[in-house]
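Before reading individual residues, it helps to fix the terms and the confidence of the model. The paragraphs below then move from single elements to the cores and the contact between chains.

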Amino acid sequence: MSEKLTDLAFMRGLVNNDNAKLAKYITMFLKATPTMLNTIDNAYLVQDWETIKVTSHSLKPQLSYMGIKQLEEVIKTIEFNAGQKMNLDKMPELIAKLKTDCKTAMAELEEDLKSLS
Amino acid sequence: MILLITIDKIPDNNYLFAKFTPSKIMMNRVRYIFTLLFVCCLYNISIAVETDTLTAAILSHYENIRSLYDLNEVSVKNRKLSIDEARTVSEHQLELAQNSDNKKALGDALDNMGLFYLRFNKPGKSLEYLTNSYMTRKGLNDQKGMGVAFANIGYAYYKMGNDDKALEYLKASSKILNSERFDAGMAVVNDFMGQVYFDMKDYQNAENYFNQSQNIYHLLNKSQQEERLKTIANLVAMKLNSGGITESPSVENNKDTLRKNPRNSGASDVKHKVTELLNDSKGIDQLGSIKIQNLSEEEIKAKIKRDSLELEELKRDHALNDMNLTHEEDSIKDAQRDQQMEVLQGKISSANQALLQKQLQLSKVAQQKVWFLGGAAIIFLLTLFFYNRYRLKKKAFVQLEHAHDELKATRDKLLEAEQFKDQFLANMSHEIRTPMNAIIGASNLVLNTKLDEVQMKYMRAVKQSSANLLVIINDILDLSKIKSGKLEFEYIPFHTKEVIEGVITTLHFKAEEKGLTLTSTFAAYVPLTIVGDQVRLSQVLLNLVSNAIKFTSKGGVSIDCKLKGMKDNKAEIEFSVTDSGIGIPEDKFDKIFESFSQVGVETTRLYGGTGLGLTISRQLVSLQGGTINVKSKLGEGTTFTATIPYEVYSGLGMEEEQHQSRELGGDKVKNIRILIAEDNEMNQMVVVDTLEGLIEGVQIDIAENGKIAVDKLQQKEYDLILMDVQMPVMNGYEASQYIREQLPPPLNKMKIMAMTASATKPEVDKCFSSGMDDYISKPFDPDDLLKKIIALINK
């Protein structure tokens, strides 16, 4: 766990090292992600695979922006499995992994946000 | 002083010293030694002169003292001196006389010594001196002296009891002194003769001689002596009478004398009286008479006898002294002599003091001389020692310097050789490369002609081998350039992506030949234009990629370019080359970067190569301030990652880079109106930020879903729609389809670009089938986006 999950190199490039803008993006991510994760969670409870597919699709670029490479494959698989309605037995595990890592990533980003302000 | 100056003159200049020949050094040393000795000699001479002067002064003092003694021989004989004084003075006088040439003084001195011993009843000892005195005077033909000496000798024999011998000498003396008309001497001699005869009991002769002596004293007007002898003569006459001898006329006189002296008035023994008179009143001292009281009767008798003898002796001595006094200086009175004596004694003591002082001074000078000589010797030795030390030190220093120079020369030679080697390699490589190009060119020409299958095969082999050889030569050339530090890097702007594309273009056929895929990814926001050496970057990547292809038999090779971060205004760009090849054992990670080394001998045999590729790659990367790393798993594949810092073009950072991009095409699409259909707030923002940075005066509207987008499209004019695929209410496909099918022209011709998070083939196909014009994957590369927008607008 010593290595950070998040990597803001992409974002820094995008905002041209504008800290205020970077902070805005991070804040946005911190606000949107829990909602999305909650949506996926709820959708899974009702086995709403379509919602899971759509939400994970939306979440995917967000995770990329924050450089969370570790979740790239996970989110891709969730979206794919939900879309195809296959390997659904693996979904709880994948969603759990997604939630755990996102929580860690958000904690890191909160720290980054503090250092930016 | 001279010494110091001389030492100062020793050259301290290293260069000069190094040039000194041994003979020169020797000459110099000899010169210094002589200078030193010369200084010592000068000082010695001056001391010697001073010493001589002093010695002369002291000698002259001795002379003075001696002459003083010569003048005062008389006073030495003076009876008023104590026994010790008399002995000291006599001995001193003799010593001085013996050291001088004055024979007469020597005779006198010997006489004095003789008389001194006579006086103290040592006639034997006395006789030695007196005989010497006679011999000395005989040598001088001093008749008078000889006569005196005989008289004294005679008296000495008398004292020894040898009356015959005494008479013999006294008669001889009488004869000489008579012929010399030395009356005072004659008086004493007659007195002596009288005593001898008296001792021999020949009273007749005794009276005669005493009378003669008395007569001479009378003539010489010496009344005291005359009176004494007159009494003696009278007494002798009385003795003569009592012994049957006829009375002489002088008896009456004697009686008178006896009457005058009440002490002797009752004396009947004539001989006793005579002896007493002869001994004179001064003969017995008080001390002697006191001593007698403590002695036994026997001893007292003996003592009395001895004392009487001494008295007699002193008496005679007295007479003898009188004779000597008369002999030296008749006219000088006793009192005057005493006075003179005192003065002279004072002079002698002061002279002695002066002498002592001079001696002290002389010894001081001598001491100084010793000190100086010792000091000079020590200084000389010290100088020699330090000079030698200095010389040795210099010598050691010169030797050390020499050794240092030799080492330096050897090192220079080695460096030169190394340089020569590299130069040789560089030259040779260059010279071989020129014909090599000709061979390759000609091979290509031949291959373009009509060839049968076998010929074609051979020619391809020729071409391939030549190409391989060229690679090796180029590697060697590069390595020698790097080693000799002659490799210079260009510093010009170039497109990062073009380099990767160039590498793929060059090697994709090679990959295809082996049935491998060769792909590349170019991460977003890697600066498009960077400043540096494009050729060297290509070289590194070509090396890594061709290596990867070489060691991979299935799967593929990919080049991934990423922005690692910004550091000191430089973009650290990471180029990774990943293969699915044989892999490298972990313990060989370091070795593979060494010159001419591969993972193993096996590797070389199977795959060929010089083992220079990675060495050169690493050198090139590190010379540009970067690093190269390897990660590998045996049998699974290897990833080489080169990270190189590049300055972003124009040095103004990413914005300028984007501006650069705009210049490349941004102008063509400025002020365009874009509708973004995107439900995700964050994605909206990213797109807006990107577009605003890329296109000047761009107008952007946002629709949260496909439905809104369709509505907006009908209300306002747009040049382009960026359509997210995944949206609520109406997704991208549905919206696109609706626009194409349901909206009237020209709206149905609206340019639509899909933005998709998963650019998989089915999805891309779906985009196109729904009527979209192009697609871009999220997160997108700004440059790609711009390119695609331009292409689409200008379609």
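Helices and strands here are DSSP runs, a helix having at least four residues and a strand at least two, numbered from the N terminus. With that numbering, Asn221(B) comes just after H11(B) and takes a positive phi of about 65 degrees. The model is a predicted one.

Helix H11 of chain B covers residues 203-219. Its 17 residues should span 24 Å at 1.5 Å a residue, and its end C-alpha atoms are 24 Å apart, so the expected and modelled spans agree. Many positions in H11(B) are buried, among them Tyr203(B), Tyr209(B), Phe210(B), Ile216(B) and Tyr217(B). Polar or charged side chains also occur in the buried set of H11(B), including Glu207(B), Asn211(B) and Gln214(B).

Chain B as a whole has 28 helices and 12 strands. Of its 795 residues, 34% count as buried. Among the contacts in chain B with a separation of 6 or more, 66% are between residues 24 or more positions apart.

The largest nonpolar core has 105 residues, and those touching the most other members include Leu541(B), Val545(B), Ala677(B) and Met753(B). Helix H20 of chain B, residues 534-550, gives the most to this core, with 7 residues. Domain 2 (492-649) and domain 3 (654-793) of chain B each contribute at least three residues to this core. Beyond four places in sequence, the contacts of Met753(B) include Leu720(B), Leu722(B), Met723(B), Met772(B), Ile776(B) and Leu792(B). A second, separate core has 56 residues, including Met113(B), Tyr158(B), Ala187(B) and Val236(B).

Which residues surround a position in strand E4 of chain B, where Asp560(B) lies? Leaving aside neighbours within four places in sequence, Asp560(B) is in contact with Thr521(B), Ser576(B) and Thr578(B). Phe522(B) is 38 residues from Asp560(B) in sequence, but their C-alpha atoms are 6.1 Å apart. Asp560(B) counts as partly exposed because it has 17 C-beta neighbours inside 10 Å, and a buried residue would need 20 or more.

The contact between the chains takes 22 residues from chain B and 19 residues from chain A. On the chain B side, strand E4 (556-567), helix H23 (653-665) and helix H24 (681-694) each supply at least two residues. The largest share, 7 residues, comes from H24(B). By class, this side has 9 nonpolar, 7 polar and 6 charged residues. For the complex, the predictor gives an ipTM of 0.82 and a pTM of 0.33.

Some backbone geometry deserves a separate look. Most residues other than glycine have a negative phi, and most peptide bonds are trans. In chain A, Lys85(A) has a positive phi of about 55 degrees and Asn87(A) one of about 50 degrees. Lys85(A) is in the loop between helix H4 (72-84) and helix H5 (91-116) of chain A, and Asn87(A) lies in the loop between H4 and H5. Lys85(A) is exposed, with 11 other C-beta atoms within 10 Å, and Asn87(A) counts as exposed with 12. In chain B, a cis peptide bond joins Pro745(B) and Pro746(B), with omega about 0 degrees.

Confidence limits what can be read from chain B, whose mean pLDDT is 76, with 73% of its residues at 70 or more. Residues 280-295 of chain B stay under 50, and residues 651-662 are also below 50. Where pLDDT is low, the predicted coordinates should not be read in detail.

Key. Residues numbered from 1 in each chain as written. Chains lettered and ligands numbered in written order. Predicted model: local features only at pLDDT ≥ 70, side-chain atom pairs only at ≥ 80, totals over all residues. Expected span 1.5 Å × (residues − 1). Contact = placed C-beta atoms within 7 Å. Core = buried A, V, L, I, M, F, W, Y, C linked by C-beta atoms within 7 Å. Domains from an automatic or database assignment. pLDDT = per-residue confidence, 0-100.
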